[in-house]
Amino acid sequence: MNAHAFIDTPGGEGAVTHPPIAGIVPRRPTLRPPAPRPRIRLGLDKPARWGWTLGPLLLLVYWTVLSETGFLDSRTLPAPWVAVETAVDLVRTGRLQEHFAISAWRAAQGLAFGTVTGIALALVSGLSLLGGYVIDGLVQLKRGVPVLALIPFMVLWFGVGEAMKISVIAITVFVPIYLHTHNALRAIDIRHVELAETLGLTRSQFIRHVVLPGALPGLLLGLRFGVTASWLALVVVEQLNATSGIGYMVTLARNYAQTDVMLVGLVIYALLGLASDAVVRLVQARALRWRRTLAG
Amino acid sequence: MSAAVRIRGLSRHFTAKGVLDGVDLDIAPGEFVALLGRSGSGKSTLLRALANLDHEAEGSGEIHVPERISVVFQDARLLPWMRVLDNVVLGLGGDDARVRGRQALAEVELAGRERSWPHELSGGEQQRVALARSLVRAPQLLLADEPFGALDALTRIRMHALLRRLSETHRPTVLLVTHDVAEAIELADRIVILEEGRIVRDIAVALPAEGPRRRERFAALQTELLALFGIDDDPGLAHNAKERHVA
């Protein structure tokens, strides 16, 4: 068979080797061996599983040393072992579990409502022009209003009970979920839309097989922000107006200058935040198995 | 027999690029037509008009096409979040869809890869999945828009053999858009040349089945076609001529 001939391959087959360009003198060979070329790496080396704990551990060591040497006044910040003892005490009396359960339940409910609302609004706004006109502007306005500023109204509308607290959390959560999902919906690959057309997919098949999976990475990213936001909102509502929960425990401790209890509260928040983020990341890894990324 | 595809006075205008200027074309059922032309000659525009993918275009003219049309794009266009078999049967109803999907995958020599993710396949394998996805729909008309343009030369030759075999078994009407002269001769029954939105030549390939007469006819056709595009097919000069032409 004859060689393939192309009429118009841009760039063409078969590179042409250019003669040396006049005026540019080839570099004179040097006697030293050439320095090894630095390897260009876009990705990091494979990270150690628990590598991220190094910073916190160093902080702990620093803190311990300062407390041990008496450099750190225990009224400002109690020693680590005091905090541990207090935590053990709180667990033994059952106070910590009780407050923790209440806080977690509030956050979970707020997160659930916020997530569902965020996804629903993003779908309506992303998949219909009119929906976009109605919803997107409102959400952008809402973004500009800090949660703290909303709370007086929320108290007026929902009272000071659980409904208000969960609503505040939900309202905080839905914004990042909406934004990232909406963004992902808008960025659906036009080539996939064409494919759906040529395959004759119905609207619901199109949404189920093309739109939603395509927007899933964005949704999950929004969820990660949303989870963090839910804890943030939780702290705000519990410290303002509550008679239970970790935030209440911390506020109460502040009134009695119990720095050790306050510290336990902080650590609990940190652990909760970490744990919930880890859960979302796990979901992400499971749901986005099809992706080939740098992180592997 | 009436034509499978019938186009009369088809014109398309875009603000940006791609123009068709009164195209008339008939394709018989089961016929394999290669649409050859330079970039910007309007060949993709014609294909997209037949596939009903040109919503943004203005134009006039008549198009009659069969009901079941399949499109193979230059990129395999698999959904990355679906496994290979799910991609093949996407949007298909019926209890036996998956069975037929497996058969189609076997036909493109990808049996056993049903559960792979698209990114685990090579470019050629992905394009074969795309072929299986078209095949399983038993298209009356197969539209292929430079389907092998992104593949390396060796893979392309294998794909030619595969496509020829598939089209001989299933006999869909095929319209293959390409800029590869040899590919057009190799695969098509008929070559239609588009230039500036008009059909300027319509050539029956009529390649003998085997032997030296086939090679002769191939070479003659290739010379004729390349000459049409202003390329002198002297073996020693062809490469340079092509370079000049591209420039």
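What percentage of the 296 residues in chain A do buried residues make up? Buried residues make up 28% of them, where buried means that 20 or more other C-beta atoms, placed from the backbone, lie within 10 Å of the residue's own (12 or fewer is exposed, in between is partly exposed).

The structure is a predicted model, in which local features need pLDDT of at least 70, side-chain atom pairs count only at pLDDT 80 or more, and totals for chains, interfaces and linings use all residues. Residues are numbered from 1 along each chain as its sequence is written, while chains are lettered from A and ligands numbered from 1 in the order in which they are written.

**Exercise 1.** Describe the elements of chain A and its contacts.

Solution.
- Step 1. Chain A has 10 helices and 0 strands; helices (H or I, at least four residues) and strands (E, at least two) are DSSP runs, numbered from the N terminus.
- Step 2. Of the contacts in chain A with a separation of 6 or more, 74% are between residues 24 or more positions apart. A contact requires C-beta atoms, placed from the backbone, within 7 Å.
- Step 3. Helix α5 (residues 147–158) of chain A is hardly covered, with 0 buried residues among its 12. Just after α5(A) comes G159(A), with a positive phi of about 80°.

**Exercise 2.** Work out how α3(A) and α4(A) pack.

Solution.
- Step 1. Helix α3 (residues 95–127) and helix α4 (residues 129–144) of chain A pack at an angle of about 130°, with axes 7 Å apart. Axes are lines fitted to C-alpha atoms, for helices over the stretch in contact, and angles run from 0 to 180 degrees between N-to-C directions.
- Step 2. α3(A) and α4(A) are therefore oblique to each other; under 35 degrees counts as roughly parallel, over 145 as roughly antiparallel, 65 to 115 as roughly perpendicular and the rest as oblique.
- Step 3. α3(A) passes α4(A) in a left-handed crossing, meaning that the near helix is turned anticlockwise from the far one by less than a right angle (clockwise is right-handed).
- Step 4. In α3(A), L121(A), V124(A), S125(A), G126(A) and L127(A) meet G131(A), G132(A), I135(A), D136(A) and V139(A) of α4(A). The residues of this contact divide into 5 nonpolar, 4 polar and 1 charged. Ala, Val, Leu, Ile, Met, Phe, Trp, Tyr, Cys and Pro count as nonpolar, Asp, Glu, Lys and Arg as charged, and the others, Gly among them, as polar.

**Exercise 3.** Do the same for α8(A) and α9(A).

Solution.
- Step 1. Helix α8 (residues 203–240) and helix α9 (residues 246–255) of chain A pack at about 50°, with their axes 7 Å apart.
- Step 2. α8(A) and α9(A) are therefore oblique to each other, and their crossing is right-handed.
- Step 3. L234(A), V235(A), E238(A) and Q239(A) in α8(A) meet residues of α9(A) including I246(A) and Y248(A). By class, the contact of α8(A) with α9(A) has 5 nonpolar, 3 polar and 1 charged residues.

**Exercise 4.** Lay out the open sheet of 3 strands in chain B.

Solution.
- Step 1. The order is β2-β1-β4 (chain B), with antiparallel pairing; strands pair if DSSP finds at least two bridges between them.
- Step 2. β2 (20–27) and β4 (58–64) of chain B stand at the edges, each with a single partner strand, so one side of each has no neighbour in the sheet. The twist averages 10° from one strand to the next.
- Step 3. Strand β1 (residues 5–13) of chain B pairs with β4(B) over 6 bridges, and R6(B) stands opposite H64(B) in β4(B).
- Step 4. β1(B) and β2(B) also pair over 6 bridges, with I7(B) opposite L25(B) in β2(B).

**Exercise 5.** Lay out the open sheet of 6 strands in chain B.

Solution.
- Step 1. The order is β5-β6-β7-β3-β8-β9 (chain B), and the pairing is mixed.
- Step 2. β5 (69–72) and β9 (198–204) of chain B stand at the edges, each with a single partner strand, so one side of each is left without a neighbour in the sheet. The twist averages 20° from one strand to the next.
- Step 3. Strands β3 (residues 32–36) and β7 (residues 173–178) of chain B run parallel, joined by 5 bridges. V33(B) stands opposite L175(B) in β7(B).

**Exercise 6.** Describe the surroundings of V89(B).

Solution.
- Step 1. V89(B) is in the loop between α2 (84–88) and α3 (97–107) of chain B.
- Step 2. V89(B) is buried, with 23 other C-beta atoms within 10 Å.
- Step 3. Not counting residues up to four places away in sequence, V89(B) touches A97(B), R98(B), G101(B) and V136(B). The C-alpha atoms of V89(B) and G101(B) are separated by 5.8 Å, and the two residues are 12 residues apart along the chain.

Terms used. Contact = placed C-beta atoms within 7 Å.
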